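I opened the model to look up a few things about its fold. My notes follow in the order I took them.

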Amino acid sequence: SLKANGNGCAIIDGVTGESITYDRLLDRALTLVKYLQQKGIGIGDTIGICCENRIEFPIVVIATIFCGATLSTINPRYVNREIKHVVDLTTPKIIFVTSSTTKNILEVCKDAPFVREIIEIGQSSSIQTAAGIQRLNDILNDPKYKMDEKELKLQVFDKTQNEAFILMSSGTTGLPKGVVLTDLNILESLAFAEETRRSMYTVTNAVSLGILPWFHTYGLMTLIGLITKGVKFVCLPRFEEKTFLNALQTYKITHASLVPPLMVFLAKNPNVLKYDLSNLRELYYGAAPLGKETEIEVKQRIPNLTKVQQGYGLTEATLTVLGIRDLAPIGGSVGKVTAKTWCKVLDVETGEILGPNKSGELCFKGPSIMKGYYRNTQATKETIKDGWLHTGDIGYYDENLNFYIVDRLKELIKYNGFQVAPAELEALLLTHPAVKDAAVIGQPNVQTGELPTGFVVLKDNYEASEEEITNFIADRVSNPKKLRGGIYFVKEIPKNPSGKILRRILREMIAKPKSKL
């Protein structure tokens, strides 16, 4: 695909205006392949990348795939504790960083002897220079690593078993689990993307906006899919109101994949009306449910939109398992089952397979389902049973096989599309010297989806303010995990006889609050 699209523009940095063609992307990737192979990188080795969305990111992705190695993505917003968890789990031999993540990665790698090298993307930083870290630009511009595509010798491996990516997926048990996606998983996901091309990107000269983080499945698979389709892609490192709206206007964006909070932004923020978004034709969103009302509001504000489509997927299924199969989306529906995928809806009490219009747990089977959780056999067995991936999400389908998402069985909190595990925050709360017991739930919020909210039982003869405890957590977690919903001080945490927190009761307490004290 890279060769076929030649000198066409592949990616534009929406902030700097820098761009790269498909030819150049392939040339840069091949150069990096030669460097990595000379370092002995191949099948069975892991490469880490802790980087914002930027033009060099896909160079590392493509080079890692060509080497037959495994790519582990690290959220650049992680704090050291979280980075250490990912690095210790995936044991990468080389980690690619940017100036914003170099310091944290260096600190973590002091206790990670398996990391042989750290390579910094972008311009030289004072830290990079002082630490003697290799620069990616120096590698890419070194003639001794120049390699023609004819010289590329691809590794021979079993695509059903070779581990292409290890992506982090939060669970209710605390820190993220590593989801192992094989080369077959990636190929099947791309095959679905090609199948849906007829009903997506229907306009000529399509330009898509890449604001979803590429360390996450949704963003990463969208990136790979658009590169293989030959669709021009404008990337942004993060959401900033003016930068986002200016990119939509300046680059005449026709398509965008978003998360619900950005849909809410388009529907309600008054500044949206100050920009020319007349080129915008199709919007796709996922990662969390969104009401029909917001879809309608977005369409009213951007009248040239011809399609607003919701999809459903998860990291464990290489992204999409329910998506567009027809030209006309059905309001409120996440679409139909993707090609080669099977779905069943199970009664959550009896395990009975349910028919149309009956809500139950969604389970999927097919070639896009993950190989398993990295180095976590028990979690894999609990999630994949007899070949079926049990999602923990509740949904149903109608007589026309259109699916609808109702709720989640899982306890994950979704803040701005990011998954937040309550158990991790509960464990941290319990480390505060004044806290006797604690629980965390998601408080519904129209802007972000949910706000992590804490419930705390103080120890006898101890005192602590809401501000003290929220700051205690904020100092120890990345941005999405902060307790923005506040702290509720209670006499006890409601639990069932086996000790499981009764989060339903906590949600009821928020719905009918008497006092935070």
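**Small sheet.** I started with β15 and strand β16 (residues 319–323), which pair in the antiparallel sense over 3 bridges. The model is predicted, so I read everything here as computed. For one register point I took Leu 314, whose bridge partner in β16 is Leu 319. I then looked for the whole sheet. It is open, has 3 strands in the order β15-β16-β17, and is paired antiparallel. Which strands stand at the edges? They are β15 (312–314) and β17 (336–337). Each has a single partner strand, so one side of each is left without a neighbour in the sheet. I noted the general background too: strands of a sheet pair through backbone hydrogen bonds, either parallel or antiparallel.

**A parallel pair.** Next I went to strand β3 (residues 46–50). β3 and β4 run parallel, and 4 bridges join them. Ile 49 stands opposite Thr 73 in β4. I checked the side chains of β4 (residues 70–73) as well. Thr 70 and Ser 72 point one way, while Leu 71 and Thr 73 point the other way. Buried or exposed, I asked of these four? All are buried. Helix α3 (residues 56–67) joins β3 and β4 in a right-handed β-α-β unit.

**Thr 64.** I picked one residue of helix α3, Thr 64. Its relative accessible area is 2%, under the 20% cut-off, so Thr 64 counts as buried. What does Thr 64 touch, beyond residues up to four places away in sequence? I found Ile 47, Ala 69, Thr 70 and Leu 71. Ile 47 falls within the residue range of β3, and Thr 70 and Leu 71 belong to β4.

**Core.** I then listed the largest nonpolar core, which has 106 residues. The members touching the most others are Leu 32, Leu 36, Phe 96, Phe 165, Phe 244 and Leu 266. Helix α2 (residues 22–38) gives the most to this core, with 9 residues. Why does the core lie between domain 1 (22–156) and domain 2 (185–408)? Both domains give residues to it, so it lies between them.

I followed Phe 96 further. Leaving aside neighbours within four places in sequence, its contacts include Leu 32 and Leu 36. Ile 47, Gly 48, Ile 49 and Cys 50 are also among them. So are Val 60, Ile 119, Ile 121 and Leu 136.

**Positive phi.** I looked at backbone angles next. Most residues other than glycine have a negative phi. Lys 252 has a positive phi of about 50 degrees although it is not a glycine. Lys 252 lies in the loop between α10 (241–250) and β12 (255–258). At 51% relative accessibility, Lys 252 counts as exposed. Asn 461 also has a positive phi, near 70 degrees. Asn 461 lies in the loop between β27 (449–458) and α15 (466–474). Its relative accessibility is 83%, so Asn 461 counts as exposed.

**Whole chain.** I closed with global values. The protein has 16 helices and 28 strands. Its radius of gyration is 23 Å, close to the 24 Å that the globule rule gives for 517 residues, so the protein is as compact as a globular protein of that length. Along the principal axes, the C-alpha atoms fill a box of roughly 70 × 55 × 50 Å. Of the 517 residues, 56% count as buried. Among contacts with a separation of 6 or more, 67% join residues 24 or more positions apart.

Note on methods:
Residues are numbered from 1 along each chain as its sequence is written. This is a predicted model: local features need pLDDT of at least 70, side-chain atom pairs count only at pLDDT 80 or more; totals for chains, interfaces and linings use all residues. Side-chain values use heavy atoms; hydrogens and water are left out. A nonpolar core is a set of buried Ala, Val, Leu, Ile, Met, Phe, Trp, Tyr and Cys residues joined through side-chain atoms within 4.5 Å. Buried means under 20% relative accessible area, exposed over 50%, partly exposed in between (1.4 Å probe, protein chains only). Helices (H or I, at least four residues) and strands (E, at least two) are DSSP runs, numbered from the N terminus. Domain bounds come from an automatic or database domain assignment. Contact means heavy atoms within 4.5 Å. Two strands pair if DSSP finds at least two bridges between them. A crossover is right-handed if, with the strands pointing away from the viewer, the path from the first strand over the helix to the second runs clockwise. The radius of gyration is taken over C-alpha atoms; the globule rule is 2.2 Å times the number of residues to the power 0.38.
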